[in-house]
Structures are given as C-alpha cells and as structure tokens.
Amino acid sequence: MHAKDILIEGYGRIREEVHAAVGGLGPDELAARPTPEANSIAWLVWHLTRVQDDHVADAFGLNQVWLADGWEKRFGLGLTRGATGFGHTPAQVAKVRVDSPDLLTGYHDAVHAQTLGALRTLTAKDLERVVDENWDPPVTLGVRLVSVLSDDLQHVGQAAYARGLLQSAAS
C-alpha cells in the first residue's frame with residue numbers, strides 16, 4: 001500500500017464519521033452546546049471541514065471550495081471570508097447555525113472530493129515538499145496532510161461525543 005492510499009483511507013473515514021455525527025439531527029440539536037463555552041456539533045463539523053479546505057487548498061495551490069463554490073454564501077454565517085474557526089470565541093461559535101445537516105455534509109463532501117482529487121496525484125517525492133516555512137523544522141506536505149487528518153478526526157470525535165450527550169439527555 002502506498003502512502004497516498006493510506007491518506008485516502010484516512011480522509012474517507014473522516015467523511016464517514018461526519019455523516020454519522022450529524023445525520024438526522026435538527027437545527028437545535030446541531031447548535032446545542034454542552035456548556036456555554038463548548039463547541040456545537042455544527043461548529044465542530046464546519047470547523048474541521050474549513051480547516052481541511054483551507055490547508056489542503058493551500059498545500060496543493062487550489063482554490064478553497066468555501067469561496068470558489070459559494071459555500072460561504074450558502075452558510076451565511078456573518079464571519080470573515082477566510083474564517084476557519086481557529087481561536088473562535090463562544091459568540092463566534094454560536095454564529096455557526098444551520099437549518100439542516102445537509103448543508104454541513106454537502107460542504108464536507110465537496111471538500112472531500114477536492115481532497116481526494118489532490119491526494120490521488122501524490123507521489124512519494126511530493127510528500128517531502130515544504131509547504132510551510134513558518135515552523136522549525138519547516139512543514140512538509142506529508143506532515144501537513146497527517147496534521148489535518150489528526151485534527152479532523154479529533155473534532156469529528158468531539159461531535160460524536162456531543163451527539164451522544166444529546167441523545168442520552170433526550171432518553
């Protein structure tokens with residue numbers, strides 16, 4: 001198995017878990033927060049998708065799906081165009097409210113498709129290319145892709161946990 005195949009498998013698991021975390025939930029459930037300082041399911045899924053969109057697009061020289069395909073307008077969150085959720089305050093988290101899980105999964109699926117397209121082009125040598133010199137040591141494409149994969153899996157796990165809290169409170 002090649003490294004790109006492992007990455008494709010990993011990113012596919014994010015997609016599966018995103019759908020499982022939000023499927024069948026209504027707007028209030030998606031926006032619910034275990035505490036006023038906590039993140040909602042909607043914010044977690046939006047954020048992990050924004051990070052994947054932003055970082056993968058940057059690393060491969062692509063346009064962000066969020067901006068290029070009009071997702072920013074469809075969400076209508078009132079945040080800055082480039083916002084990914086990093087450093088968001090509780091008030092900004094509360095702005096991420098959607099009417100349906102379909103908006104979240106639609107955006108995620110569009111980003112996932114772009115990510116898979118980029119991953120399918122990878123060679124072993126590509127993974128060694130430096131994509132961010134703001135760190136010591138500089139970040140390679142391989143490290144960036146694993147970093148995004150790890151961050152996204154953590155956030156989708158948090159969304160699944162929040163869903164479990166909601167379901168146990170309702171029963």
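Here is a quick briefing on the salt bridges, core, main pocket and a few individual residues of this structure. Keep in mind that this is a predicted model. A search of the whole structure turns up seven salt bridges, and the largest nonpolar core holds 45 residues. The largest pocket comes in at about 170 Å³, and there's a cis peptide bond leading into Pro137.

**Salt bridges**

- Three of the bridges are worth a walk-through, out of seven found in the whole structure.
- Arg50 and Asp53 pair up through their side chains, with N to O at 3.5 Å.
- Both of these residues sit in helix α3, which covers residues 41–60, and because they're three residues apart there, about one helical turn separates them.
- Neither side of that pair shows much surface: Arg50 is buried at a relative accessible area of 0%, and Asp53 is buried at 1%.
- Glu72 bridges to Arg81, and their closest N and O atoms are 3.0 Å apart.
- Here the two partners fall into separate classes, with Glu72 buried at 17% relative accessibility and Arg81 partly exposed at 47%.
- Glu72 makes the buried class because its 17% is under the 20% cut-off.
- Asp132 and Arg144 make another bridge, with 2.9 Å between the closest N and O atoms.
- That pair ties together distant parts of the chain, since Asp132 belongs to strand β1 (residues 130–132) and Arg144 to helix α8 (residues 141–170), twelve residues apart.
- Asp132 is buried at 13% relative accessibility, and Arg144 is buried too, with a relative accessible area of 12%.

**The nonpolar core**

- Within the 45-residue core, the members touching the most other members are Tyr11, Leu30, Trp46, Phe75, Leu104 and Leu145.
- Six elements give two or more residues each to this core: α1 (3–22), α3, α4 (65–68), α5 (71–75), α7 (101–119) and α8.
- Helix α3 puts in the largest share, nine residues.
- Take Leu30 as a close-up: leaving out neighbours within four places in sequence, its contacts include Val22 and Leu25.
- Further along the chain, Leu30 also contacts Ser40, Ile41 and Ala42, as well as Val98, Ser100, Pro101 and Leu104.
- One of those contacts, Leu104, is itself on the list of core members that touch the most others.

**The largest pocket**

- The pocket's volume is about 170 Å³.
- Its lining is made up of His47, Val51, His55, Thr84, Phe86, Gly87, Asp151 and His155.
- Helices α3 and α8 each supply at least two of the lining residues.
- Helix α3 has the largest share here, with three residues, and it also gives the largest share of the nonpolar core.
- Sorted by class, the lining has five polar, two nonpolar and one charged residues.

**The loop between β1 and β2**

- The Asp136 to Pro137 peptide bond is cis, with omega near 5°.
- For context, most peptide bonds are trans.
- Pro137 lies in the loop between β1 and β2 (139–140), and Pro138 is in that loop as well.
- Pro138 counts as partly exposed, at 39% relative accessibility.
- Not counting residues up to four places away in sequence, Pro138 touches Val130, Asp132 and Glu133.
- Asp132 in that set is also the salt-bridge partner of Arg144.
- If you measure across the model from C-alpha to C-alpha, Pro138 and Ser171 are 49 Å apart in space, with their positions 33 residues apart in sequence.

**Two more residues to look at**

- Lys95 belongs to helix α6 (residues 90–95) and is partly exposed, with a relative accessible area of 40%.
- Setting aside residues up to four places away in sequence, Lys95 touches Leu77, Gly78 and Leu79.
- Lys95 and His2 are 93 residues apart along the chain, and 41 Å separates their C-alpha atoms.
- Gln158 sits in helix α8 and counts as partly exposed at 37% relative accessibility.
- Gln158 and Ala21 are 137 residues apart in sequence, yet their C-alpha atoms are 9.2 Å apart in space.

How values were computed
Residues are numbered from 1 along each chain as its sequence is written. This is a predicted model: local features need pLDDT of at least 70, side-chain atom pairs count only at pLDDT 80 or more; totals for chains, interfaces and linings use all residues. Side-chain values use heavy atoms; hydrogens and water are left out. A salt bridge is a side-chain nitrogen of Lys or Arg within 4 Å of a carboxyl oxygen of Asp or Glu. Helices (H or I, at least four residues) and strands (E, at least two) are DSSP runs, numbered from the N terminus. Buried means under 20% relative accessible area, exposed over 50%, partly exposed in between (1.4 Å probe, protein chains only). A nonpolar core is a set of buried Ala, Val, Leu, Ile, Met, Phe, Trp, Tyr and Cys residues joined through side-chain atoms within 4.5 Å. Contact means heavy atoms within 4.5 Å. On a 1 Å grid over the protein atoms alone, a cavity is a set of points where a 1.4 Å probe fits but cannot get out, and a pocket is an open set with protein on both sides within 12 Å along at least five of seven lines; lining residues have an atom within 4 Å of a point. Grid points are joined across faces, edges and corners, and a volume is the space filled by probe spheres set on the points. Ala, Val, Leu, Ile, Met, Phe, Trp, Tyr, Cys and Pro count as nonpolar, Asp, Glu, Lys and Arg as charged, and the others, Gly among them, as polar.
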